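Dear colleague,

I am handing over the structure below, and I would be grateful if you could look through it alongside these notes.

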Amino acid sequence: MSRLQPAIFRKAHGFSIVELMVVVAIVGIGLAIALPAYNQYMVRNKRVGAKAVLLEIVSREERYAAVNRAYVAADSTSAVESGLGFTIPGEVSSNYDFSVTLASVGPTGVSNTFVATAAPVSGSSQVADGTLQINQFGLRMPPEKW
């Protein structure tokens, strides 16, 4: 065989620009589909942490009320932690602010109802997800988020 081979027998080296553009387009379409799904997954995952903390707040409020015949009010995450004696994990408290609002039903004047709230921290990815609430009866709002 001679060194001068017809063009059809030569080996091609590298990729053409068309092949590279096809690969870039396929990767772009894949990202356009996968990224929103991943973001929704992360929002749901962070919501699970907030729900677990709200359930812990209910449990601790009930234990406190069993001894003291009243619930603990807390207007911030730090007040919830100090009033109920537990630490909210940092990955949850960085996305949600927790509070406990008390109310009195009946003539006793004693705070005999409460609503625990997890409100998204402004600027976090959870803002669009909305606020979660639970009361002393275990009523969870909004129900579609629980």
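What follows is a short account of some local features, with the terms explained where they come up.

This is a predicted model, in which local features need pLDDT of at least 70 and side-chain atom pairs count only at pLDDT 80 or more, while totals for chains, interfaces and linings use all residues. Residues are numbered from 1 along each chain as its sequence is written, and side-chain values use heavy atoms, with hydrogens and water left out.

To begin with the rings, the structure holds two aromatic pairs, where rings of Phe, Tyr and Trp (its six-membered ring) pair if their centres lie within 6.5 Å, and planes under 30 degrees apart count as stacked, over 60 as edge-to-face and the rest as tilted. One of them is formed by Y71 and F114, which meet edge-to-face at 4.6 Å centre to centre, with 65° between the planes. Because Y71 lies in the loop between helix 1 (17-68) and helix 2 (77-84) and F114 in strand 2 (residues 113-120), this pair ties together parts that are 43 residues apart in sequence; helices (H or I, at least four residues) and strands (E, at least two) are DSSP runs, numbered from the N terminus. Y71 and F114 are both buried, a word that stands for under 20% relative accessible area, with exposed meaning over 50% and partly exposed in between (1.4 Å probe, protein chains only). The rings of Y96 and F98 have centres 6.4 Å apart and planes at 45°, so this pair is tilted, and Y96 and F98 are likewise buried.

The loop between helix 1 and helix 2 also holds R69, which has a positive phi of about 55° although it is not a glycine. R69 is exposed, with a relative accessible area of 71%.

Turning to the segment after strand 4 (140-141), this is the place of K145, and P142 lies in that segment too. A cis peptide bond, with omega about -15°, joins M141 and P142. K145 counts as buried, at 18% relative accessibility. Leaving aside neighbours within four places in sequence, K145 is in contact (heavy atoms within 4.5 Å) with R47, K51, D129 and L132.

Finally, V22 lies in helix 1 and counts as partly exposed, at 44% relative accessibility.

With best wishes
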